[in-house]
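Here is a quick walk through one protein model, written for someone who likes to keep the viewer open while reading. Have the structure at hand and follow along.

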Amino acid sequence: MFFPFSESLIIIANASKKNLFFPIATAAVSSYSVASNRRRPPPINGQLEGGKAGDMGGQGKAGDEEKQQQQQLEAPKTASFDLNDFKIIKEGEAEILMHSKNVVFFNKAQVNNRDMSIAVLRAFIAKRKQEHETFVAKKTKMVPKDKDNSGMELDAPVDNDQHNGTPNNGCEVAEETSQDEQCSISEEPIKSLGGKCRELKPPRVLEALSASGLRALRYACEIEGIGQVVALDNDKASVEACQRNIKFNGSVACEKVESHLDDARVYMLTHPKEFDAVDLDPYGSPSVFLDSAVQSVVDGGLLMCTATDMAVLCGGNGEVCYSKYGSYPLRGKYCHEMALRILLACIESHANRHKRYIVPILSVQMDFYVRVFVRIYTSASAMKNTPLKLSYVYQCIGCDSFHLQPLGRTVSKNNSVRFLPGFGPTVLQECSDCGKKFNMGGPIWSAPIHDQEWVASILADVKSMKDRYPAYDRISAILTTISEELPDVPLFLSLHNLCATLKCTSPSAVIFRSAVINAGYRISGTHVNPLGLKTDAPMEVIWDIMRCWIKNHPVKAQPPELSGSVILAKEPVLQANFARAVASLSKAQAKKVARFLPNPERHWGPKLKAGRQVTSKHISLLGPEAVNGLSNHEDVEEPAAKRMKTEEDPPHES
């Protein structure tokens, strides 16, 4: 057997790897012990060249058979590299070789994102299999068993425009489904139901922006029952790094993961309805990828999408947000949840252009980004419900009152349903509580952003496999909080903001929750903000509760033109009852389960884009230890803009 290197073949075998053959120059390996992860003295000329044939296989009198063997063993052409410039990063069951000079993007903080994605993918694969088995069982019941049943209605053609009620072959899938959840069965596994049901194949997953390939490797190594994982990137260095990491993770990764140098948008457009799951995790906005992404997912497939441009989505640049997402954001305490709903509305808009629609499974705001998981279906009739799921938001500029204006409505007459524009406006020109004007934002997704059945299933699965999630504490806390949210209440209030408007002391969250519950309304927390409160109580009731609270806790006189003074000038219509209610604490709060955890380490947040030079101004973002070529890191804690530049400052790295 011939190898592409003149040096000996080194077999690297970690305890977690099987059949891992990694051709490395002996001198280069001596500088780094992969198995022990310990540094050794650097070698002389210890470099590894991938893709170049050595004297044994590429030269001499080798026959055709030997050349074929050589071509099969040759690695993709990559630039020569020194192992001293790399370090091994282990996350979950995957390991990658990461260059120390920020050649390929990697962010440790995204472990929360990757763990959450793995948990959702596991639940999706199980749900997909369950849906297929359920449909096959119901399909079997429709087949006549004897001649007496020959008059029984046989298979009806599959109607792609109906997913609820009696969608396929006349068998009822669900007794009643809401307009927000039109479908529960994936169409892909049941396309060929003219006779026998097609065997359910392992799901294919596309990671459209792979960088180092860590996410794709974790999918392949950790998720049972997963099929092929395709990792794309349009950066040559990233593809080379991904291919190197695939080989580094052994035979399982080599069999399941494939890496390609391609534009994700072009690739997804040329592979329509081919992937059961598509993962979009760009550096910044995903808007340019959405139109092609919604076309590449099979019916009933899963789209996972991240947006990290939170300054845009949260109202810092409203005109930019409108140009990218088609919605105008508002700057309120609920801005992070509004960012989630803007992203969902944008995905729905792109899906509608291709007679498709989305069903959100899970939508989370973590760290410095938002992440949504949605299933995509094709149905021209169900797509008509989209205006019912979108709303504009009216936010008072003087107080915390906000109101939603639905885009559309339906009118039922006999057995027909008409879709009409929504009634409006829902508010007057001036706020009825404080008399100020309104800002208008949106449209946003005002339907539920979570499927509570999915959330409960994902949370149970995570708890049963806690050892396999590096970020178990964080994702279990987020899922626990989401499981207790009111699913049908868009946005939320901030108790501290209410008190700031009225210039009063704040009641405890338990007291305020009790007053809302005793008034006959529902209330819950939110995973976005530890001080946020979701409630279906109208703003008139909220302000009446605060008026009653201030009667027992008087405030100083304020100028009459202030919003708080106008609100307090009115007498409360509702007499609040502040007696502690049984449901004032959620189950997690009653059990003292941690729901909002601090960051595990300093500088836990966004990182520099790949290829950018790390300089002293990045110390506040990355930490002193990450800045190369600088001395006295311990003394440099402030951003570069706030430090006086002296002659003693070391020069920046070139």
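What follows goes from the overall make-up to salt bridges, then to a sheet, a helix pair and a loop.

## The big picture

First things first: this is a predicted model. The chain has 654 residues, and 50% of them count as buried. DSSP splits the fold into 20 helices and 19 strands.

As for contacts, take those with a separation of 6 or more: 68% of them are between residues 24 or more positions apart. On the outside, the protein shows an accessible surface of about 31400 Å², and carbon and sulfur atoms own 52% of that.

## Salt bridges across the chain

How many salt bridges does a search of the whole structure find? The count is 26. One of them pairs Arg468 with Glu93, with 3.2 Å between the closest N and O atoms. Arg468 sits in the loop between helix 13 (452–464) and helix 14 (472–483), while Glu93 sits in the loop between strand 3 (86–91) and strand 4 (94–99), so this pair ties together parts that are 375 residues apart in sequence. Arg468 is partly exposed at 24% relative accessibility, and Glu93 is partly exposed too, at 38%.

Another salt bridge to look up is Asp488 with Arg522, where the closest N and O atoms are 3.0 Å apart. This pair links distant parts of the chain, 34 residues apart: Asp488 is in the loop between helix 14 and strand 17 (493–494), and Arg522 is in the loop between helix 16 (509–518) and strand 18 (523–524). Asp488 has a relative accessible area of 43%, which makes it partly exposed; Arg522 is partly exposed as well, at 36%. Elsewhere, salt bridges with shared partners join Glu91, Arg114, Asp115, Arg218 and Glu222 into one network.

## A closer look at Arg474

Is Arg474 buried or exposed? With 18% relative accessibility it counts as buried, because the cut-off for buried is under 20%. Arg474 has its place in helix 14. Setting aside residues up to four places away in sequence, Arg474 touches Asn112, Asp367, Leu597 and Asn599.

Among those neighbours, Asp367 is a salt-bridge partner: the closest N and O atoms of Arg474 and Asp367 are 3.1 Å apart. Arg474 belongs to helix 14 and Asp367 to the loop between strand 10 (356–366) and strand 11 (369–378), so the pair ties together parts that are 107 residues apart in sequence. Asp367 itself is partly exposed, with a relative accessible area of 22%.

## The seven-stranded sheet

Now for an open sheet of seven strands. Its order is 7-6-5-8-9-11-10, and the pairing is mixed. Which strands stand at the edges? They are strand 7 (257–261) and strand 10; each has a single partner strand, so one side of each is left without a neighbour in the sheet. On average, neighbouring strands of this sheet are turned by 15 degrees against each other, direction ignored.

At the strand 7 edge, the partner is strand 6 (residues 229–233): the two run parallel and are joined by five bridges. To pick out one bridge in the viewer, go to Val229, whose bridge partner in strand 7 is Val257.

## Helix 11, helix 12 and the loop between them

Helix 11 (residues 318–325) packs with helix 12 (residues 335–352) at an angle of about 30 degrees, and their axes are 10 Å apart. The two helices are therefore roughly parallel to each other, since angles under 35 degrees count that way. Cys321, Lys324 and Tyr325 of helix 11 make the contact with Ile342, Leu343 and Cys346 of helix 12.

The loop between helix 11 and helix 12 holds Arg331. Arg331 is exposed, with a relative accessible area of 71%. Even so, Arg331 has company: leaving aside neighbours within four places in sequence, it is in contact with Cys314 and Gly315. Arg331 and Gly316 are 15 residues apart in sequence, with their C-alpha atoms 7.6 Å apart in space.

Definitions and conventions. Residues are numbered from 1 along each chain as its sequence is written. This is a predicted model: local features need pLDDT of at least 70, side-chain atom pairs count only at pLDDT 80 or more; totals for chains, interfaces and linings use all residues. Side-chain values use heavy atoms; hydrogens and water are left out. A salt bridge is a side-chain nitrogen of Lys or Arg within 4 Å of a carboxyl oxygen of Asp or Glu. Helices (H or I, at least four residues) and strands (E, at least two) are DSSP runs, numbered from the N terminus. Buried means under 20% relative accessible area, exposed over 50%, partly exposed in between (1.4 Å probe, protein chains only). Contact means heavy atoms within 4.5 Å. Accessible areas come from the Shrake-Rupley method with a 1.4 Å probe; for residues, only the protein chains shown count as cover. Two strands pair if DSSP finds at least two bridges between them. Axes are lines fitted to C-alpha atoms, for helices over the stretch in contact, and angles run from 0 to 180 degrees between N-to-C directions. Angles under 35 degrees count as roughly parallel, over 145 as roughly antiparallel, 65 to 115 as roughly perpendicular and the rest as oblique.
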